[in-house]
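Reader: Please give me a close look at one part of this model, the surroundings of the ligand, and then follow the chain outward from there. I would like the cut-off behind each term as it comes up.

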Amino acid sequence: MITAGEGKKIAIVGAGLSGGVIGRELAEAGHHVEIFDRRPHIAGNCHTERDEQTGVMVHIYGPHIFHTDDAEVWNYVNRFQTFMPYKNRVKTTSNGQVYSLPINLHTINQFFGKSFRPDEARVFLETLADTSIEQPETFEEQALRFVGKDLYEAFFKGYTQKQWGCSPTELPASILKRLPVRFNYDDNYFFHHYQGMPENGYTDMIGHILDHPNITLHLETAFRRTQTDGFAHVFYSGPLDGYYDYQFGRLGYRTLDFERFTYDGDYQGCAVMNYGDESVPFTRITEHKHFSPWENHQGSVCYREFSRECGPQDTPYYPIRLVEEKELLSHYVALAEQEAHVTFVGRLGTYRYLDMDVTIREALDTARLYLFAEKADAAMPSFLHAPV
Ligand SMILES: Cc1cc2nc3c(=O)[nH]c(=O)nc-3n(C[C@H](O)[C@H](O)[C@H](O)COP(=O)(O)OP(=O)(O)OC[C@H]3O[C@@H](n4cnc5c(N)ncnc54)[C@H](O)[C@@H]3O)c2cc1C
């Protein structure tokens, strides 16, 4: 058994939320945790940085809004940071008009030039739905079945096409599980009970999580699978295919390019403006000072966001997870399941899109299972949640 003092020596790959939370839990339990990240900063994709010129807190890898129904996770993040009230209210520009998202009563009334009450709008929408589609199989069929052609083309078609780089006719219906419309004026994007923004940004919050005497941090240090010797266990939040040197090929991701620009004043009056038209090459513009509405800045930092296929040198953002990718994934999972001392965690380690609250929930559960397995002298699984 590999020990350091009283605790064991544990390696954690990735200083994002997954690695940070697992590291903290194990450090508090007395283990000696070494965290490796290939980037020069902590916080993974949640990294935030204050822009020197304007003072605006910038979400470097795209905007992150914290929302959850999980009270334990909410209490956990509030231990390390004050959360400020924040409601995500998204707008979209379609064909030269600005609308409110998710599609709500205001959107419907504005789009069709009506003044429907909720029940009237519900009946009206039923007349638009394409009821000839009995068993929707694709995203497009599902959307047409729910909202009809006009709303589909204005709010879903172009955006989805740009985001995923393929026609909505090639995407499964399951992406659009429920009717994406509200028959009231609620334009709060998320339904979750708790919602907020960390007062000093996510990097500061994760910095506090990592601030423990049993944690040693190695930045700008890539970790390879040849380095596991000397550690009682490894928690790996890097890309699963990368751990095995992409030997079966690369798992497909979408990446994002951010075209950053600054503005003197208020560029768009809101944090997120989507662009659904296919003729506009970007998916949205985010104006970062609006993610911190309790701050005041004259200058502004904005990102135009472009989505494209992820190449070997790009940052992987959204796992594609269509039939082909799942097939490839199953080969990597089979390899990973043979590991006795490595657990794959987080969005890259399990090749799933995970919101931050789910990431933290899974990280807490993973650390607890490890501590339990250790006591019971039981094996630690390679995955807590099966990726396939
Ligand atoms: C564009 C975008 C917007 C999002 N917005 C939201 C949102 O609004 N709300 C929300 O709840 N969630 C959001 N998310 C999800 C959120 O980003 C994730 O939940 C979170 O980043 C997952 O944390 P993680 O630690 O698993 O992964 P990451 O944050 O990706 O951390 C993994 C870390 O591992 C490091 N690493 C990888 N391989 C190695 C290696 N071999 N050696 C050393 N280090 C390595 C990487 O450098 C990285 O820092 C968004 C995601 C994206 C892509």
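Author: What follows starts at the ligand and then works through helices, single residues and backbone geometry.

The model is a predicted one: local features are reported at pLDDT of at least 70, side-chain atom pairs count only at pLDDT 80 or more, and totals for chains, interfaces and linings use all residues. Residue numbers start from 1 along each chain, in the order in which its sequence is written.

There are 34 residues around the ligand, and Gly14, Gly16, Gly44, Gly238 and Gly346 come nearest. A residue is taken as near the ligand if its C-beta atom, placed from the backbone, lies within 6 Å of it. Three elements give two or more residues to this shell: α1 (17-28), α9 (346-349) and α10 (356-376). Such elements are DSSP runs numbered from the N terminus, with helices (H or I) of at least four residues and strands (E) of at least two. By residue class, the shell holds 16 nonpolar, 12 polar and six charged residues. Here Ala, Val, Leu, Ile, Met, Phe, Trp, Tyr, Cys and Pro count as nonpolar, Asp, Glu, Lys and Arg as charged, and the others as polar, Gly among them.

From the shell, α1 can be followed to Arg24, which is found in that helix. Arg24 counts as buried because it has 27 C-beta neighbours inside 10 Å. For this term, with C-beta atoms placed from the backbone, 20 or more other C-beta atoms within 10 Å make a residue buried, 12 or fewer make it exposed, and counts in between make it partly exposed. Leaving aside neighbours within four places in sequence, Arg24 is in contact with Ile209, Leu210 and His212; contact means that two C-beta atoms, placed from the backbone, lie within 7 Å. Asn214 is 190 residues from Arg24 in sequence, yet their C-alpha atoms are 8.5 Å apart.

α10 also meets another helix. The axes of α2 (residues 71-80) and α10 come within 10 Å and cross at roughly 95°. At that angle α2 is roughly perpendicular to α10. The axes are lines fitted to C-alpha atoms, for helices over the stretch in contact, and angles between N-to-C directions run from 0 to 180 degrees. Angles of 65 to 115 degrees count as roughly perpendicular, under 35 as roughly parallel, over 145 as roughly antiparallel, and the rest as oblique. On the α2 side, Val73, Tyr76 and Val77 take part; on the α10 side they meet Asp357, Ile360 and Arg361. The residues of this contact are four nonpolar, no polar and two charged.

Two stretches of backbone next to α10 have unusual phi values. Most residues other than glycine have a negative phi, and most peptide bonds are trans. Tyr351, in the loop between α9 and α10, has a positive phi of about 50° although it is not a glycine. With 26 other C-beta atoms within 10 Å, Tyr351 is buried. Asp377, found in the segment after α10, also departs from the rule, with a positive phi of about 55° in a residue that is not a glycine. Asp377 is exposed, as 6 other C-beta atoms lie within 10 Å. A cis peptide bond, with omega of about -15°, joins Leu101 and Pro102, and Pro102 is in the loop between β9 (97-100) and α3 (105-112).

Two further buried residues can be placed by their contacts. Tyr202 lies in helix α6 (residues 202-210) and has 26 C-beta neighbours inside 10 Å, so it counts as buried. Apart from neighbours within four places in sequence, Tyr202 is in contact with Ala43, Cys46, His47, Thr48 and His64. Thr343, in strand β18 (residues 342-344), is buried with 22 other C-beta atoms within 10 Å. Not counting residues up to four places away in sequence, Thr343 touches His233, Phe235, Thr366, Met380, Pro381 and Ser382.

For the overall layout, the chain is divided into domain 1 (3-87 + 194-252 + 315-376) and domain 2 (90-175), with bounds that come from an automatic or database domain assignment. Taken over C-alpha atoms, the centres of domain 1 and domain 2 are separated by 35 Å.
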